[in-house]
Amino acid sequence: MTNVIVPTARPVTPLGILAKKLEAIVKEVKQLPDLPTELVAEINHAWRLAAGLDPYLEECTTPESAELTALAKITATEAWDTHFNGGTTVRPLEQEMLSGHIEGQTLKMFVHMTKAKRVLEIGMFTGYSALAMAEALPEDGVLVACEVDPYAAEIGQKAFQESPHGAKIRVELGGALETLDRLAQTGESFDLVFIDADKKEYVAYFHKLLDSGLLAANGFICVDNTLLQGEVYLPADERSVNGEAIAQFNRTVANDPRVEQVLLPLRDGLTIIRNS
């Protein structure tokens with residue numbers, strides 16, 4: 001039996017990036033003999049504090065299901081660059097887009113806590129977070145997952161077929177804003193919405209959810225990547241286009257009197273918004 005080598009994901013969260021930089025500093029200072037021993041020890045301690053947190057969270061969080069483990073492995077081993085260059089995918093994709101174990105279990109817990117029966121996901125990718133949330137839905141629950149890339153959606157749909165919870169998921173292919181308009185026109189509404197799609201459209205998603213009735217009264221929105229690798233709290237001239245888009249989104253939500261929100265430092269930032 002051939003063992004599949006799973007590529008190591010690059011750090012894409014503020015904590016992961018910090019840990020990687022501190023690791024490089026630790027290696028460098030060990031080569032400098034004139035530094036005070038206490039300073040070297042402090043730098044090493046800072047690195048261990050940063051590097052040890054994510055593994056400890058993994059250890060103390062309920063394990064993901066076998067179906068989620070398999071989906072994460074498939075996503076990590078796909079040749080995403082080759083797929084995009086060859087025209088298989090409609091946009092650049094990468095394994096780091098997967099929400100992963102901790103965030104998946106967090107979203108699953110939110111479904112349990114809110115007793116949601118109808119969930120909307122804007123940006124499915126290969127379906128990891130959709131399947132995690134579907135595992136918490138009741139048997140008559142429904143999760144509508146929007147995805148623009150047919151190849152990524154196909155990977156998700158195959159994984160859903162392997163899960164006893166996959167039948168709860170309905171995939172909607174196409175641009176997210178167009179899909180939201182279509183769902184609103186048919187009178188659909190959702191108890192919980194998870195946004196993890198085009199960062200430049202986050203503000204438009206937010207307004208459409210609140211203005212169209214897609215978000216049920218007292219419903220919740222969970223929004224991924226709201227720390228965007230730390231760019232949102234670094235100087236504006238250090239932000240990418242996506243970093244600036246997320247900074248504008250965070251300001252928009254904070255200034256909207258219709259909602260209450262909290263930004264959690266989970267992975268790359270997860271904002272919880274309540275329609276008040």
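Reader: How many residues does helix α5 have, and how far does it reach from its first C-alpha to its last?

Author: Please note at the outset that this is a predicted model. As a general idea, an α-helix has 3.6 residues a turn, so residues three or four places apart point the same way. Here, helix α5 covers residues 100-114 and has 15 residues. From first C-alpha to last, α5 reaches 21 Å, close to the 21 Å expected at 1.5 Å a residue.

Reader: Is α5 enclosed or open, and which of its residues are buried?

Author: Burial is judged by relative accessible area, with under 20% counting as buried. By that cut-off 11 of the 15 residues of α5 are buried, so the helix is largely enclosed by the rest of the structure. The buried set comprises Gly100, His101, Ile102, Glu103, Gly104, Gln105, Thr106, Leu107, Lys108, Phe110 and Val111. Just after α5, lysine 115 takes a positive phi of about 55°.

Reader: What is valine 111 in contact with, leaving aside its neighbours within four places in sequence?

Author: Valine 111 is in contact with Ala116, Val119, Met133, Ala136, Leu137 and Leu192. Both Val111 and Val119 also appear in the next topic, the nonpolar core.

Reader: Which residues of the largest nonpolar core touch the most other members?

Author: This core has 37 residues, and those touching the most other members are Val111, Val119, Met133, Leu143, Ile169 and Cys222. At least two residues of this core come from each of α3 (66-77), α5, α6 (128-134), β2 (142-147), α7 (150-161), β3 (169-173), β4 and β7 (270-275). Helix α6 gives the most, with 6 residues. A second, separate core has 30 residues, including Cys146, Leu180, Val232 and Ile246.

Reader: Which strands does β4 pair with, and in what sense?

Author: Strand pairing is read from the bridges between two strands and from their direction. Strand β1 (residues 118-122) is joined to β4 by 4 bridges, and these two strands run parallel. Within that pairing, valine 119 of β1 has leucine 192 in β4 as its bridge partner. Strand β4 also pairs with β5 (residues 215-224), again in the parallel sense, over 5 bridges. There, isoleucine 195 has valine 223 in β5 as its bridge partner.

Reader: How many residues of β4 are buried, and which helix joins β4 and β5 in a β-α-β unit?

Author: Strand β4 (residues 190-195) is mostly covered, with 5 of its 6 residues buried. Together with helix α9 (residues 202-212) and β5, strand β4 makes a right-handed β-α-β unit.

Reader: How many aromatic pairs does the structure hold, and how is such a pair described?

Author: In general, a pair of aromatic rings is described by the distance of the centres and the angle of the planes. The structure holds 5 aromatic pairs. One of them joins tyrosine 202 and phenylalanine 249, edge-to-face, at 5.4 Å centre to centre and 75° between the planes. This pair links distant parts of the chain, 47 residues apart, as tyrosine 202 is in helix α9 and phenylalanine 249 in helix α10 (residues 241-254).

Reader: Are tyrosine 202 and phenylalanine 249 buried or exposed?

Author: Tyrosine 202 counts as buried, at 0% relative accessibility, and phenylalanine 249 is buried with a relative accessible area of 1%. Phenylalanine 249 also pairs with phenylalanine 206: the ring centres are 6.1 Å apart and the planes lie at 90°, so this pair is edge-to-face. Phenylalanine 206 is in helix α9 and phenylalanine 249 in helix α10, so the pair ties together parts 43 residues apart in sequence. Phenylalanine 206 counts as buried at 1% relative accessibility.

Reader: Which residues do ring pairs link into a cluster?

Author: The cluster is made of Tyr202, Tyr205, Phe206 and Phe249.

Note on methods. Residues are numbered from 1 along each chain as its sequence is written. This is a predicted model: local features need pLDDT of at least 70, side-chain atom pairs count only at pLDDT 80 or more; totals for chains, interfaces and linings use all residues. Side-chain values use heavy atoms; hydrogens and water are left out. Buried means under 20% relative accessible area, exposed over 50%, partly exposed in between (1.4 Å probe, protein chains only). Two strands pair if DSSP finds at least two bridges between them. A crossover is right-handed if, with the strands pointing away from the viewer, the path from the first strand over the helix to the second runs clockwise. The expected span of a helix is 1.5 Å times one less than its number of residues. A nonpolar core is a set of buried Ala, Val, Leu, Ile, Met, Phe, Trp, Tyr and Cys residues joined through side-chain atoms within 4.5 Å. Contact means heavy atoms within 4.5 Å. Rings of Phe, Tyr and Trp (its six-membered ring) pair if their centres lie within 6.5 Å; planes under 30 degrees apart count as stacked, over 60 as edge-to-face and the rest as tilted.
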